[in-house]
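Good morning. Please have the structure open on your screens while I go through how its strands and nonpolar cores are arranged.

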Amino acid sequence: MSTRPDLPNIDAELFHRADLQQLHPTERSTHAPRILLLYGSLRERSYSRLLTEEAARLLQALGAEARIFDPRGLPMPDDAPEDHPKVQALRDLAQWSEGMVWTSPERHGAMTGIMKAQIDWIPLAIGAVRPTQGKTLAVMEVSGGSQSFNAVNQLRVLGRWMRMVTIPNQSSVAKAFMEFDDAGRMKPSSYYERIVDVMEELVKFTLLTRDSAAYLVDRYSERRESAEQLSKRVDQRSI
């Protein structure tokens, strides 16, 4: 390990200043931003699903490709093998995506079990692939009573744990049963306008970060760990 006098605990070879070229690469992706949407209710008239469908329409109008995962039939974590068809479908979508939208009802002051189960089935790593790290995330919730932010706050914690870039804006729709018509479309309201704001912001953040996502979450500590592991592999004295 090479050190520097002012920072004796730092490996100078692995300590990097921010590189503007990597933050703003010359070659940029031109395909539509790929957004995966998850919702947390299995009810026939699920307001989290209706809100998710409304968000998907907005994303498509904003130029994104939106795919919604249907959680029906998804087993509870650890209650089925990883090659279960629904688990594989979810993981494939997670790897495909460049950003996500998580929408949960608030139940007993928290996100629902099916919402948490979906997130728990997405691992931090699949081999050398990290399906969520560096991807953007928008969080939303619906509630049957007055406006609350318990579910979105929990979703933010999970997004941070999954190493995602969670956008500043969010949505909480109170008394959701009053906000949708008989056809399942969201009525005009300040809640609807907030959904527009959140989706617009998500697309912008995804376009801004997707080509530099790997660099944005590249960490000194992980470079150090990788260097140590490589050193052990090539050190002939350990054979």
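This is a predicted model. I will start with strand β3, which pairs with β4 in the parallel sense over seven bridges. In that pairing, Pro105 stands opposite Val142 in β4. β3 also pairs with β1, again in the parallel sense, over five bridges. There, Thr103 in β3 has Tyr39 opposite.

Is β3 buried or exposed? Seven of its seven residues are buried. Both faces are covered, with Gly99, Val101, Thr103 and Pro105 on one side. On the other side sit Met100, Trp102 and Ser104.

Next, the cores. The largest nonpolar core has 24 residues, and among those with the most contacts inside it are Leu37, Leu51, Val101 and Met199. Which elements give two or more residues to this core? They are β1 (34-39), α2 (47-61), β4 (136-142) and α6 (190-209). The element that gives the most is α2, with six residues.

Now look at Val101. Leaving out residues up to four places away in sequence, Val101 touches Ile35, Leu36, Leu37, Leu38, Leu59, Ala138, Met140, Met199 and Leu202.

There is also a second, separate core, of 23 residues. Trp102 belongs to that one, and so do Phe69, Leu74 and Leu155, among others.

Last, helix α4, residues 113-121. Its buried residues are Ile114, Met115, Ala117, Gln118, Ile119 and Trp121. What covers them includes β1, α3 (85-96), α5 (150-161) and β3 (99-105), the strand I began with.

Conventions:
Residues numbered from 1 in each chain as written. Predicted model: local features only at pLDDT ≥ 70, side-chain atom pairs only at ≥ 80, totals over all residues. Heavy atoms only, no water. Core = buried A, V, L, I, M, F, W, Y, C linked by side-chain atoms within 4.5 Å. Buried < 20%, exposed > 50% of the residue type's maximum accessible area, 1.4 Å probe, protein only. Helix = DSSP H or I, 4+ residues; strand = E, 2+ residues; numbered from the N terminus. Contact = heavy atoms within 4.5 Å. Pairing = 2+ DSSP bridges.
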